[in-house]
Amino acid sequence: MLPIDVRALATAPHPHAHRAAHHDYSRNPMLVYWEMTQACGLACRHCRAEAISTPHPDQLTTAQSMDFLQQLTAFDTKPHLILTGGDPLERTDLYEIIDEAVRLGLTVSVTPAATADLTVDVLNKLKAHGIDSLGLSLDGSSAERHEAIRGVEGCYQWTINAIRNAADLGFPIQVNTLVSQETADDLPAIYELLKNYKIMRWSLFYLIAVGRGKELQPVSPEFGEELAEEAPFAIKTTEAPSYRRVALNHMREAGRTAAEIQQTPVYRGFGIRDGHGIMFVSNQGDIYPAGFLPLVTGNVRVNKLVDIYRDSPIFQSLHNPSTFRGKCGVCEYRTLCGGSRARAFAHTGDPLASDPFCAYEPRNAAATQASIATAQSILAGAY
């Protein structure tokens with residue numbers, strides 16, 4: 001059984017994303033992911049971006065990128081910006097962009113590809129320019145296992161070196177690991193390996209079959225219910241919001257009050273889902289509810305992020321769990337969880353359909369309404 005501590009389990013996608021009091025996710029995202037470029041030196045089997053060796057000719061220019069950053073400041077509360085790709089290090093204007101984001105008061109994280117270019121000098125430079133934290137990916141406990149997913153010989157050792165060097169520099173580190181049938185049996189060994197390093201958080205990313213990820217196989221819903229009791233670092237899940245139900249019930253069974261639940265890391269993830277608390281901008285400026293939910297709602301070159309997030313029909317539907325269909329639409333945990341909208345879309349073509357990863361069957365209608373009311377009170381801090 002994978003040793004996941006439900007006391008620390010969170011589904012908010014980043015360790016520095018803190019819930020403000022009564023944060024209204026229908027008006028303000030907590031996290032904005034920016035795919036800065038498709039260019040990358042790796043060839044990962046599950047790559048959402050279907051990264052290539054060179055930048056797309058129509059990726060946002062430096063000037064357009066600066067305008068995009070300015071748009072982020074128009075929200076009532078500034079979101080946390082995660083620079084991703086491809087490989088952000090492939091952008092020649094990366095440090096200029098980071099400097100502008102920091103000048104605007106944004107907190108910024110980066111998820112570089114672990115290539116030979118990710119040296120100590122580069123990590124030092126990222127820190128000097130104000131990067132808040134670092135995301136690195138490790139998909140196997142050995143070079144053979146990791147490189148079978150990442151597609152480039154040597155990238156396992158580059159990853160381990162980057163984790164060690166970043167920790168020595170004092171970076172908060174999030175290690176991201178794919179959860180699929182191809183990696184599931186190796187997860188305990190990856191966990192044991194990570195215990196040797198100083199990391200802030202281990203993020204378990206549950207496969208969404210988009211991009212090159214269509215070639216891989218997801219784990220079963222039953223696998224997603226397995227939790228144990230201890231972990232030396234925080235652990236979060238990505239695209240597996242049903243863990244919130246498991247964690248919440250575990251805390252209730254342990255006798256925790258709503259006020260105590262609100263002080264836990266898992267509480268920060270309650271209510272966040274694709275398009276609600278999260279938005280994604282592609283390297284060409286297209287605006288999506290999430291990176292794994294490929295529904296274009298606008299483009300930063302011609303639209304304003306604030307208007308799209310608050311007013312576009314797709315985002316408005318994702319803000320409102322009463323619009324969800326199937327069992328997600330009647331589930332008593334729909335406010336806290338909401339299911340993976342990306343997985344629902346990948347399986348059915350409907351972002352409002354039920355999440356097929358969740359094995360839970362909702363209770364009867366009366367109990368559901370009572371539980372929804374309780375969940376809403378917990379979210380509002382009024383329970």
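**Burial and overall make-up**

I began with burial: 60% of the protein's 383 residues count as buried. The model is a predicted one. I then listed the secondary structure and got 13 helices and ten strands. For contacts with a separation of 6 or more, I found that 75% come from residues 24 or more positions apart.

**Salt bridges**

I searched the whole structure for salt bridges and found eleven. I looked at D76 and R27, whose side chains meet in one of them at 3.3 Å, N to O. This pair joins distant parts of the chain, 49 residues apart. D76 sits in the loop between α1 (62–72) and β2, and R27 in the segment before β1 (31–35). I checked their accessibility: D76 counts as exposed at 52%, and R27 as partly exposed at 35%. R27 and D76 also belong to a salt-bridge network with R310.

I went on to R325 and D350, which form a salt bridge at 2.8 Å, N to O. Here the two loops are distant along the chain, with the residues 25 apart. R325 is in the loop between α10 (313–319) and α11 (327–330), while D350 is in the loop between α12 (341–348) and α13 (365–380). R325 is partly exposed at 44% relative accessibility. D350 is buried at 19%.

I then took R343 and D355, whose closest N and O atoms are 3.5 Å apart in a salt bridge. R343 lies in helix α12 and D355 in the loop between α12 and α13, so the bridge ties together parts twelve residues apart in sequence. Both ends are buried: R343 has a relative accessible area of 5%, and D355 has 1%.

**A buried acid without a salt bridge**

Which side chain of opposite charge is nearest to D186? I found R145, 4.2 Å away. The salt-bridge cut-off is 4 Å, so that distance falls outside it. D186 is buried and has no salt bridge. What I did find is a polar contact of 2.7 Å between the side chains of D186 and S141. D186 lies in the loop between β5 (173–179) and α6 (187–194). Beyond its neighbours within four places in sequence, D186 touches D139, G140, S141 and R145.

I also looked up E144, in helix α4 (residues 143–150). E144 is exposed, at 67% relative accessibility. Its C-alpha atom is 9.8 Å from that of G154, ten residues along the chain.

**Helix packing**

I examined α2 (residues 94–103) against α3 (residues 120–128). Their axes come within 10 Å and cross at roughly 25°. That makes α2 roughly parallel to α3. In the interface, L94, Y95 and I98 of α2 meet V122, K125 and L126 of α3.

In helix α7 (residues 243–253), I noted the buried residues Y243, R244, R245, V246, A247, L248 and M251. They pack against β6 (201–206), β7 (234–238) and α8 (258–261).

**Backbone notes**

Most residues other than glycine have a negative phi, and most peptide bonds are trans. With that in mind, I scanned the backbone. E239 has a positive phi of about 60° and is not a glycine. E239 lies in the loop between β7 and α7, and is buried at 10% relative accessibility. Just after α7, G255 has a positive phi of about 90°.

Where is the cis peptide bond I noted? The bond runs from G85 to G86, with omega near 20°. G86 is in the loop between β2 (80–84) and α2.

Terms used: Residues are numbered from 1 along each chain as its sequence is written. This is a predicted model: local features need pLDDT of at least 70, side-chain atom pairs count only at pLDDT 80 or more; totals for chains, interfaces and linings use all residues. Side-chain values use heavy atoms; hydrogens and water are left out. Helices (H or I, at least four residues) and strands (E, at least two) are DSSP runs, numbered from the N terminus. Buried means under 20% relative accessible area, exposed over 50%, partly exposed in between (1.4 Å probe, protein chains only). Lys and Arg count as positive and Asp and Glu as negative; His and the chain ends are not counted. A polar contact is a pair of N or O atoms within 3.5 Å; within protein, one must be able to donate a hydrogen and the other to accept it, and residues adjacent in sequence count only if both atoms are side-chain atoms. Contact means heavy atoms within 4.5 Å. Axes are lines fitted to C-alpha atoms, for helices over the stretch in contact, and angles run from 0 to 180 degrees between N-to-C directions. Angles under 35 degrees count as roughly parallel, over 145 as roughly antiparallel, 65 to 115 as roughly perpendicular and the rest as oblique.
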